[in-house]
Each structure stands twice: as structure tokens, then as C-alpha cells.
Amino acid sequence: MKFYDHRIESGDSFSDRIGPPNEFDAGMGRVVESFSFLEGSLRNLITLLLDVSNEIGMIITAELSYKGLIHLASSLFKYKNARGDFCVEGEDCAERFKELMSLCSQAEELRNRIVHSSYIGSFRVKTTAKAKAGLKTVVENIDANKLLDIADFIVAVGMDVEELPGHLNLATSISAQGGEVRYYNGDECIAVFGQNFETDT
């Protein structure tokens, strides 16, 4: 006996089901999309730090959590920096990297605060039961503008991660266009990310 019959595809359009787009929902979606971009930027950075192909980079990073990506990137940086790989004149590579990883962690905290909460209208409700504070409920008004501020912050951190190889002498120049980012050493393109996506039919 089958008790539930839920369809993944309804066949109805967005406007049929939802009506006009909602600013709050759109802002929430932007937060999620922005964090996905940041995660991808960290995966690309790790691939460059490893100096491996895109495919090998994805094999290594695809199943890692976000914290796992930060830990791996940090460990690779410390290992290579100790060897003197990032001796860049006029640049404190270690401090730059440390600050950027801190921003990456802050971006995760903001994303988690938004995504891992319940909502009543535009009010964020978060209930915790920690050993130190006991049962605690926080209610916060989060409007669409605040969501966009958080999304913009996360995107900015992702762009900083994309640009980091230029500060570490992993690349001499970077170009980004249409969801694709390319890294160059002189005239030679050394890495391309975001291309050749395959879609399921």
C-alpha cells in the first residue's frame, strides 16, 4: 500500500502557483545562490593550490563540506607558504590569506543564520537549547533589503577568493565573463573554471 503520492514536477508555471514574485523569497534565493558561488570559488582556489586539473580538483573537493573546503585550503596554503612558494614583494600573503578565510567563515555564519531558521512572514525565529544558555528563542525582523545585503557580502567574499591567486603569484592575471573565470600566467591560460557543464536530459 502506498500512502503518499507527491509529484516532483507539477506542470504548472511559477505564476500559476505563486503569483507575482515576492521580494523576501527572491532575497532568500540570492543568499543561497551567493553562497554556492563562494563555495565554487573555494573549490577553484584549492585546485590552483594543488596545481591539478579541474577533474582532479573536483574529485578532491566535491564531497567536502564548506568547513572542509576552508580547512583544506588553509592547510595547503600553510604547507606551500612554509616552503616559500608565496614570497611576493610588498605582500603579506599569510595575513591576507588569514583575513580572507575569516571572511569566508563569517559568510557561512550569515548564510546559516538565514537558512537554518524558521520564518513567520519576515520574522526570523531561531530556537536553540544549548548547555550554556538553555532554551532560547530569538526573533528578528529580516526584510528583503537585509537579505540582499547579506547576499552581496557573500558574493564580494567569493570575488575576493577568485582574485586571491593573483596576490599569491599563482596567476598574473584573471578574467571573468559569463560564469567562466580564467587564470593566466603571462599570455598562457593555466586554468578555466565554469565551462563545459553537462545537463541531465
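## Crossing of α2 and α3

In this predicted model, helices α2 and α3 cross in a right-handed sense. Helix α2 spans residues 23–50 and helix α3 spans residues 54–61. The two helices pack at an angle of about 115°, and their axes lie 9 Å apart.

On the α2 side, the contact is made by Arg-43, Ile-46, Thr-47 and Leu-50. Helix α3 contributes Asn-54, Gly-57, Met-58, Ile-60 and Thr-61. Sorted by class, the residues of this contact comprise four nonpolar, four polar and one charged.

## The sheet β4-β5-β6

An open sheet is formed by three strands in the order β4-β5-β6, with antiparallel pairing. Strands β4 (173–177) and β6 (188–193) are the edge strands, each of which pairs on one side only. On average, and with direction ignored, neighbouring strands of the sheet are turned by 20° against each other.

Strand β5 covers residues 180–185 and is joined to β6 by five bridges, the two strands running antiparallel. Val-181 is found opposite Phe-193 of β6. In general, the strands of a sheet pair through backbone hydrogen bonds, in either a parallel or an antiparallel manner.

## Packing of α2 on the sheet

Helix α2 also meets the sheet: this helix lies across β5 and β6. Relative to β6, α2 runs at about 140°.

## The second largest pocket

The second largest pocket holds about 230 Å³ of space. Its lining consists of Thr-47, Leu-48, Asp-51, Val-52, Asn-54, Lys-80, Leu-170, Asn-185, Ile-190, Ala-191 and Phe-193. By class, six of the lining residues are nonpolar, three are polar and two are charged.

Two or more residues of the lining come from each of α2 and β6. Strand β6 gives the most, with three residues. Several lining residues recur in the features described above. Thr-47 lines the pocket and is also one of the α2 residues in the contact with α3. Asn-54 likewise appears in the lining and belongs to the α3 side of that contact. Phe-193, a further lining residue, is the β6 residue that stands opposite Val-181.

## Overall architecture

The chain contains six helices and six strands. Read from the N terminus, the order of elements is α-α-α-α-α-β-β-β-α-β-β-β. Taken along the principal axes, the C-alpha atoms of the chain fill a box of roughly 60 × 50 × 40 Å.

Methods:
Residues are numbered from 1 along each chain as its sequence is written. This is a predicted model: local features need pLDDT of at least 70, side-chain atom pairs count only at pLDDT 80 or more; totals for chains, interfaces and linings use all residues. Side-chain values use heavy atoms; hydrogens and water are left out. Axes are lines fitted to C-alpha atoms, for helices over the stretch in contact, and angles run from 0 to 180 degrees between N-to-C directions. Helices (H or I, at least four residues) and strands (E, at least two) are DSSP runs, numbered from the N terminus. A crossing is left-handed if the near helix is turned anticlockwise from the far one by less than a right angle, and right-handed if clockwise. Contact means heavy atoms within 4.5 Å. Ala, Val, Leu, Ile, Met, Phe, Trp, Tyr, Cys and Pro count as nonpolar, Asp, Glu, Lys and Arg as charged, and the others, Gly among them, as polar. Two strands pair if DSSP finds at least two bridges between them. On a 1 Å grid over the protein atoms alone, a cavity is a set of points where a 1.4 Å probe fits but cannot get out, and a pocket is an open set with protein on both sides within 12 Å along at least five of seven lines; lining residues have an atom within 4 Å of a point. Grid points are joined across faces, edges and corners, and a volume is the space filled by probe spheres set on the points.
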